[in-house]
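Student: Please pick one part of this model and take me through it slowly. I'd like to see how its surroundings fit together, with the wider chain as background.

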Amino acid sequence: MATHIARRCYLLCCNVSAGLTVIPQHVKLQGVVIRDRNTTFQSSAGYRTRGTDTTQDAEVHVPVERLTVSYSRSSGPGGQHVNKVNTKAEVRFHVQTADWIPEDVRQKILEKNKNRINKAGQLLVTSELSRSQQRNLCDCIQKISAIITEASEKPHEPTEEDIALRAARLEKRNKERLKQKKINSVTKQSRRVDFD
């Protein structure tokens, strides 16, 4: 339930930041004050990555002007409105030439998202979550930032304690294997019959 409410608030904030002041009729705002400090639409969305060397977060922006955005007819229920309005958002960008993403992150994106990348090398993200172009565009940008964040996560470095624990487990496993091997050997030797 909390994620559902948070998602609605996020989508509502996307509309407010885009300059739209449309609030759906089924959303009741009781005790909520929305302050529109900046009426201009910012053309970038940010994500944060935590580095292993520093304690500060490095912030990287997703520039919307470098993304290719197209809209098409959305599938699913909705009656006559679905057949008239292009609400499905498709966002794509060329991964190799995206200089706003670090090189190692680009390589990980290419490795992890092979199914989303077409023959031209473009990462394709679609959204038909709602019946609004702006909300679907916000969802696509959120998906792209999640992909970049996942690719920029550093692998966990094992500590000395982890290495010692792994070595102890390996040694125990080998001892158990040799013990079982000796038991099997004794069992097979007892089955042999000498004809002397």
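**A closer look at Ser-74 and the strands around it**

Tutor: Let's start among the strands: Val-91 stands opposite Val-125 in S5. Keep in mind that this is a predicted model. The pair belongs to a longer stretch of pairing, since strand S4 and strand S5 (residues 122-127) run antiparallel and are joined by six bridges. On S4 there is also a pairing with S3: those two strands are antiparallel as well, again over six bridges, with S4 covering residues 86-94. So S4 has S3 as one partner and S5 as another. In the S3 pairing, Arg-73 stands opposite Asn-86 in S4.

Now step on to Ser-74, the residue I'd zoom in on. Ser-74 sits in the loop that leads from strand S3 (68-73) to helix H2 (80-84). Is Ser-74 buried or exposed? Its relative accessible area is 6%, and because the cut-off for buried is under 20%, Ser-74 counts as buried. What does the side chain of Ser-74 make a polar contact with? The partner is the side chain of Arg-131, at 3.0 Å. Arg-131 is also among the residues that Ser-74 touches once those up to four places away in sequence are left aside; the others are Val-82, Thr-87, Lys-88 and Glu-128. Place those on the strands and helices and you get a nice picture: Val-82 falls within the H2 range of 80-84, while Thr-87 and Lys-88 fall within the S4 range of 86-94.

While you're zoomed in, have a look at the cysteines too. Cys-138 is buried, with a relative accessible area of 10%. Cys-140 is in no disulfide: its nearest cysteine sulfur belongs to Cys-138, 9.5 Å away, and a disulfide needs the sulfur atoms within 2.5 Å. Cys-140 is buried too, at 0% relative accessible area. The overall disulfide count is zero.

Zooming back out, the protein chain has five helices and five strands, in the order α-β-β-β-α-β-α-β-α-α along the sequence. Of its 196 residues, 24% are buried, and Ser-74 is one of the buried ones. The chain exposes about 15000 Å², with carbon and sulfur atoms supplying 51% of that. As for contacts between residues at least 6 apart in sequence, 52% join residues at least 24 apart.

Notes: Residues numbered from 1 in each chain as written. Predicted model: local features only at pLDDT ≥ 70, side-chain atom pairs only at ≥ 80, totals over all residues. Heavy atoms only, no water. Buried < 20%, exposed > 50% of the residue type's maximum accessible area, 1.4 Å probe, protein only. Helix = DSSP H or I, 4+ residues; strand = E, 2+ residues; numbered from the N terminus. Polar contact = N/O pair within 3.5 Å; in protein donor to acceptor, adjacent residues only side chain to side chain. Contact = heavy atoms within 4.5 Å. Areas by Shrake-Rupley, 256 points an atom, 1.4 Å probe, with all protein chains shown as cover.
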